[in-house]
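Colleague: Could you take me through one part of this model slowly, the place where the two chains meet? I'm in my first year, so please spell out the terms as you go.

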There are 2 protein chains.
Amino acid sequence: MNFRRRIEAIRDLIAGKGLDGAFISSPQNKYYLGGLFSSSGYIVITRESQYLMVDSRYFVEAKAKTDLFQAVLLSVDHSVEHRLNSIIAAEGLATIGFEGKELSYDAVRSLQEGVNCDLFSLDLGKIRAVKEPEEIEAIQQACAIADAAFRHILGYVREGMSEKAVENELLRFMRAQGGQKESFDSIVASGVRGALPHGKASDKPICRGELVTLDFGAKYNYYCSDITRTFALGKCPAELAGVYEVVRAAGDAAMRMAKPGVALGELDYAARKLIGESGYGQYFGHNLGHGLGLQVHEYPAVALESGELLREGMVITIEPGIYIPDAGGVRIEDDILIIGDGCRSLTHSARELITV
Amino acid sequence: MNFRRRIEAIRDLIAGKGLDGAFISSPQNKYYLGGLFSSSGYIVITRESQYLMVDSRYFVEAKAKTDLFQAVLLSVDHSVEHRLNSIIAAEGLATIGFEGKELSYDAVRSLQEGVNCDLFSLDLGKIRAVKEPEEIEAIQQACAIADAAFRHILGYVREGMSEKAVENELLRFMRAQGGQKESFDSIVASGVRGALPHGKASDKPICRGELVTLDFGAKYNYYCSDITRTFALGKCPAELAGVYEVVRAAGDAAMRMAKPGVALGELDYAARKLIGESGYGQYFGHNLGHGLGLQVHEYPAVALESGELLREGMVITIEPGIYIPDAGGVRIEDDILIIGDGCRSLTHSARELITV
């Protein structure tokens, strides 16, 4: 992983904002910038240096990275404020940015009280938007595990089985295939529960003639996959089969448009327009998708109002859905990589309606 | 669940702080106060009223609670700031407390800019410290699932099996037993990795003659268990068997002292003193324990410096450990309920060193 390049990207960002340093606390950015995935510890990047601040549990590991970072030991006597003040004094820092979307209000207040410089909220969300080859490889592995799990569940699910039992088998299978853990709490929503876009798996038994929506993903090397498929257990009502085709066509339309230079909002618009013209516009109430990487939801949002442009190397989800109260719902979600002249799907499960 | 009593406890708290209302955003407190477990939505409690603010996905569910809460619909046109300002105007509120440890700095800044009253950070951590019978029952169920999982793993583990494979089986088993999900990422640390207090399960194979530390838990009805056991795969080195007895005695000493009115720090002191007298003081680097409930770590900390007193109905962990770098480690953790004249363990796995 190219930590040097990533650290320089932070340096460019803070220079652009007129800041002297960045204080990084989120696990995802500590992993991205220094390979440290932990809820404790901090990375500090100044115009000249970079520091890894950890307590005794992680100090040996941090010392091993001293070609790139200066290791700083945190302890009861040497708090993060104390250590930050030493760096501030040594390098003459006046302003430091912190992750305002990630740190709690109380944590920031405590820093502000103890640290001898001005602190400003800084959004680092965009630094991870374009993925490097190693990152794409990890996401691809995470997608392959999810694809295999979907195939497995198609052979596993039986009439009368609870949604929860299906979730448990999904998770067992993904871990057995080398998934580090699940990317998020799985959604298993059958029959009328399919109308809940975020219907966590329940004790409801899955019945014949119902659609079943599975939304799940695995982590591999800390990178996430996120896939949704809706399948039928036995023949489903004709209206829902029709809804399925609308959702599939909406996703297809968005994916056909996806390439560098296209605004994210245009993808959402293309899918939303198609669903609207089919008469289901009021039943598609969420964004078309989101960025995917170390976090299951990250920059950029694939949202109607977004004028930001797709870039080669971005990985986003495309997940149109139609949710009809008291009837059911359909969502189909793929993870796509933006390439030179279009996009390539990293998830490979069939997009046609499968009846088991 | 006695939501009315809990809401009144919040009302007493804000009155004591001179605040006119509380804005509650954390899933654990929304569940505790209104049965809403969701990352989205808010509860607002004023001196006179209480409100459940949710978007369209949760509005039907919220409306069903209107005997207790006024349901408020959030939408693109009716943001949380907009809805809060209506309540502020209607009830003449001047000050509202928010969960400063839970809300991000940016989220608070955005509220401060949009809301027509003063906002103050408020710590609600203590309101859940004393558990009600229904809560204790849920924790007990979560503990029973963890106990069963430990017994199961003793029969499952084999020489050469990876730590990760043991973790996967732990999780599969707990979910199959009705566990909602795991309380936290499990620790499986064998051999020298036992010296890492937070050694997540790795690909390391478990070898004969090693100690294996499992630290894991299940959720049941949103309540957590958290248990640690260290067992031996074949005969372990005599020093580590001795360390085991020290750790066990330290936990026993703390549990013997636990009863209403005793300071939390005294429990930590009793365990730490015993470990120190055995010559291993430098290898016990963390607190003795923590409160347990809707969160796996919650108020109160069982820490040396804590002068706060145990109360009947508190549930805490007792988890002394000794971690010897490059040799291995032992931790034994139980979940105890403070009762009238002492404590009762909610975890029932044997505390003696088991060799499989």
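Modeller: Here's a walk through the contact between chain A and chain B.

A quick word on the ground rules: this is a predicted model, where local features need pLDDT of at least 70, side-chain atom pairs count only at pLDDT 80 or more, and totals for chains, interfaces and linings use all residues. Residues are numbered from 1 along each chain as its sequence is written, chains are lettered from A and ligands numbered from 1 in the order in which they are written, and side-chain values use heavy atoms, with hydrogens and water left out.

OK, let's start with who takes part. Chain B puts 27 residues into the contact, and chain A puts in 27 residues too; contact here means heavy atoms within 4.5 Å. About 2000 Å² is buried between the two chains, with carbon and sulfur atoms giving 48% of that. Buried area is the accessible area (1.4 Å probe) that two parts lose on being put together, summed over both.

Next, what are the pairings? There are four salt bridges between chain B and chain A, a salt bridge being a side-chain nitrogen of Lys or Arg within 4 Å of a carboxyl oxygen of Asp or Glu. Asp185(A) makes one with Lys181(B), and their closest N and O atoms are 2.8 Å apart. You'll also find 16 residue pairs in polar contact between the chains (both at pLDDT 80 or more). A polar contact is a pair of N or O atoms within 3.5 Å; within protein, one must be able to donate a hydrogen and the other to accept it, and residues adjacent in sequence count only if both atoms are side-chain atoms.

Now look at the side of chain B that touches chain A. α3 (56–63), α5 (105–114), α7 (163–176) and β7 (181–182) of chain B each supply at least two residues there. Those labels are DSSP runs numbered from the N terminus: helices (H or I, at least four residues) and strands (E, at least two). α7(B) gives the most, with seven residues. By type, that side of chain B has eight nonpolar, eight polar and eleven charged residues. Ala, Val, Leu, Ile, Met, Phe, Trp, Tyr, Cys and Pro count as nonpolar, Asp, Glu, Lys and Arg as charged, and the others, Gly among them, as polar.

Finally, the symmetry. Turn chain B by 180°, with 0.0 Å of shift along the axis, and it superposes on chain A with an RMSD of 0.0 Å. That's the relation of a two-fold axis. Both copies use the same surface, as 100% of the contact residues of chain B recur in chain A. The superposition is by least squares on the C-alpha atoms of residues with pLDDT of at least 70 in both copies.
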